Protein chains: 2
Amino acid sequence: MAPLRENSETPPLFTELFRDELTQLLRWRRDVRRFKPDPVPAEMIEELLDLACLAPSVGNSQPWRFVAVESAKARAAIRANFEAANAQALDGYQGEQAELYAGLKLSGLDMAPVQLAVFCDEQTLQGHGLGRQTMPETLRYSAILAVHTLWLTARTCGIGVGWVSILDPVQATKDLAVAEDWSLVAYLCIGWPEEEHHDPELIRHGWQDRSADCRKLEKR
Amino acid sequence: MAPLRENSETPPLFTELFRDELTQLLRWRRDVRRFKPDPVPAEMIEELLDLACLAPSVGNSQPWRFVAVESAKARAAIRANFEAANAQALDGYQGEQAELYAGLKLSGLDMAPVQLAVFCDEQTLQGHGLGRQTMPETLRYSAILAVHTLWLTARTCGIGVGWVSILDPVQATKDLAVAEDWSLVAYLCIGWPEEEHHDPELIRHGWQDRSADCRKLEKR
């Protein structure tokens with residue numbers, strides 16, 4: 001990972017060109033579900049984890065915990081978990097919407113060469129509770145910020161990330177046999193994208209277009 | 001905001017230089033609590049909101065909602081909320097730790113020229129519930145991804161962001177009189193930093209150092 005600049009007292013001045021590139025990164029980030037089988041070098045994953053650890057966290061609690069899901073047994077458990085949750089989700093839709101849902105590819109669990117389960121250590125002593133008395137959920141939010149950091153930095157190396165949320169998190173936590181106080185916040189499929197798109201898969205397949213609601217700015 | 005490149009079928013190839021700059025951005029992002037009083041142009045805030053809306057969201061639900069807190073009355077309510085929550089938090093520490101806590105500057109509410117309350121629209125129909133049957137918390141996580149996107153892009157313009165979580169979120173939601181189904185996920189102080197640092201304030205002031213726990217990679 002790039003070290004601090006030599007003159008570490010002066011923050012970098014970011015150029016218009018950098019801002020433009022960053023916008024392209026945000027536009028092309030995508031949730032990837034179609035992966036090539038090619039492996040991702042372990043040192044690239046290590047670098048991405050280093051970068052993820054630069055994420056902000058409440059009280060500097062750094063509560064994110066990463067588990068690489070590699071064994072056939074662990075992957076089969078996650079696949080079964082996804083399939084059950086997805087079948088149940090499909091039951092909640094009717095008619096055309098059910099058909100559309102059934103046709104969507106909602107995870108890259110079949111092919112992604114790297115799979116990372118991301119947990120929040122709910123009982124971490126780090127941060128000494130600062131900033132999370134009234135909003136304890138900020139601990140999990142901190143782990144989410146690490147996920148996003150990993151996602152963006154992966155994309156700069158051409159690596160795609162897909163976030164699978166159609167999982168029973170308690171079952172996944174049991175199946176992966178992690179510490180009792182860890183709760184699953186995200187399950188990430190990671191690898192080389194089979195296709196590249198700047199528009200979300202769910203827009204391309206007619207599920208949910210961009211909305212204007214989220215862009216309004218109310219004032220008080 | 002920078003439009004898509006003309007050749008919108010080909011994803012950008014990010015250079016080593018870009019990756020290095022992005023790492024500097026992650027290193028210097030910081031949670032800012034000390035602001036200059038100088039105003040931030042409204043069009044910069046609008047641009048940051050445009051960029052924030054590029055964040056990923058579960059089922060493309062785009063559940064983030066932004067409220068600019070501008071009036072003296074609304075700001076006073078948030079200040080009172082923070083002061084009560086902070087006094088209560090201080091009561092939870094003893095001895096040296098209480099002294100250290102009392103000396104920390106934990107918000108920029110006194111000076112930040114722009115203050116944004118960020119909510120999650122818990123009942124949005126957007127996304128039609130996709131991806132959040134078993135992990136409904138991913139809706140709030142999506143709003144957090146927008147917060148992080150705004151934070152990083154603000155920093156590229158030299159603008160600092162400080163996240164205030166020492167607030168009673170239910171009280172803040174009432175005081176800001178937003179829609180019933182919105183829940184507060186973050187309260188952001190935004191403005192020009194009075195000082196620049198590459199190390200977190202909580203490290204500099206001896207509260208919580210970086211930890212190695214978060215960087216381990218377990219395997220299953």
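## Strand β4 of chain B and its neighbours

In this predicted model, strand β2 of chain B, residues 114-121, is joined to β4(B) by eight bridges, and the two strands run antiparallel. One pair of residues that shows this arrangement is Leu116(B), which stands opposite Leu188(B) in β4(B). Strand β3 of chain B, residues 160-164, also pairs with β4(B) in the antiparallel sense, here over five bridges, and Val161(B) stands opposite Ile190(B) in β4(B).

How many of the residues of strand β4 of chain B are buried? A residue counts as buried here if 20 or more other C-beta atoms lie within 10 Å of its own. By that rule 10 of the 10 residues of β4(B), residues 182-191, are buried, so the strand is largely enclosed by the rest of the structure.

## A sheet that takes a strand from the other chain

The pairs just described belong to an open sheet of five strands, in the order β5(A)-β1(B)-β2(B)-β4(B)-β3(B), with mixed pairing. The edge strands are β5 of chain A, residues 217-219, and β3 of chain B, each of which pairs on one side only. Neighbouring strands of this sheet are turned by 30 degrees against each other on average, if direction is ignored. Within the sheet, strand β1 of chain B, residues 64-68, pairs with β2(B) in the antiparallel sense over five bridges, and Trp64(B) stands opposite Cys120(B) in β2(B). As background for looking at such strands, in a regular strand the side chains alternate between the two faces of the sheet.

A second open sheet of five strands has the order β3(A)-β4(A)-β2(A)-β1(A)-β5(B), and its pairing is mixed. At its edges stand β3 of chain A, residues 160-164, and β5 of chain B, each with a single partner strand, so one side of each is left without a neighbour in the sheet. The twist in this sheet averages 30 degrees from one strand to the next. Where the chains meet in this sheet, three bridges join strand β1 of chain A, residues 64-68, to β5(B), and these two strands run parallel; Val67(A) stands opposite Glu218(B) there. By contrast, β1(A) and β2(A) pair in the antiparallel sense over five bridges, with Ala68(A) opposite Leu116(A) in β2(A).

## How the two chains meet

Which rotation superposes chain B on chain A? A rotation of 180 degrees, with 0.0 Å of shift along its axis, does so with an RMSD of 0.0 Å. That is the relation of a two-fold axis.

In the interface, 83 residues of chain B are in contact with 83 residues of chain A. Several elements of chain B give two or more residues to the side that touches chain A, among them α2 (42-52), α3 (72-91), α5 (138-156) and β5 (217-219), while α1(B) gives the most, with 11 residues. The residues on this side of chain B divide into 40 nonpolar, 26 polar and 17 charged. Moreover, 100% of the interface residues of chain B are also interface residues in chain A, so the copies meet through the same surface.

## Chain A as a whole

Chain A holds seven helices and five strands, and along its sequence they follow the pattern α-α-β-α-α-β-α-β-α-β-α-β. One of these helices, α5(A), lies across β1, β2, β3 and β4 of chain A, and runs at about 5 degrees to β4(A).

The C-alpha atoms of chain A fill a box of roughly 60 × 50 × 45 Å, taken along the principal axes. For 220 residues a compact globule would have a radius of gyration near 17 Å, and the 19 Å of chain A agrees with this. Of the 220 residues of chain A, 49% count as buried. Among contacts in chain A between residues at least 6 apart in sequence, 86% join residues at least 24 apart.

## Two loop residues with positive phi

His128(A) has a positive phi of about 50 degrees although it is not a glycine. This residue is found in the loop between β2 (114-121) and α5 (138-156) of chain A, and with 19 C-beta neighbours inside 10 Å His128(A) counts as partly exposed.

Ala177(A), which is not a glycine, likewise has a positive phi of about 50 degrees. Its place is in the loop between α6 (169-175) and β4 (182-191) of chain A. Is Ala177(A) buried or exposed? With 10 other C-beta atoms within 10 Å, Ala177(A) is exposed.

Methods
Residues numbered from 1 in each chain as written. Chains lettered and ligands numbered in written order. Predicted model: local features only at pLDDT ≥ 70, side-chain atom pairs only at ≥ 80, totals over all residues. Buried ≥ 20, exposed ≤ 12 C-beta atoms within 10 Å, placed from the backbone. Helix = DSSP H or I, 4+ residues; strand = E, 2+ residues; numbered from the N terminus. Pairing = 2+ DSSP bridges. Axes fitted to C-alpha atoms, helices over the stretch in contact; angles between N-to-C directions. Least-squares fit on C-alpha atoms with pLDDT ≥ 70 in both. Contact = placed C-beta atoms within 7 Å. Rg over C-alpha atoms; globule rule 2.2 N^0.38 Å. Nonpolar A, V, L, I, M, F, W, Y, C, P; charged D, E, K, R; others polar.
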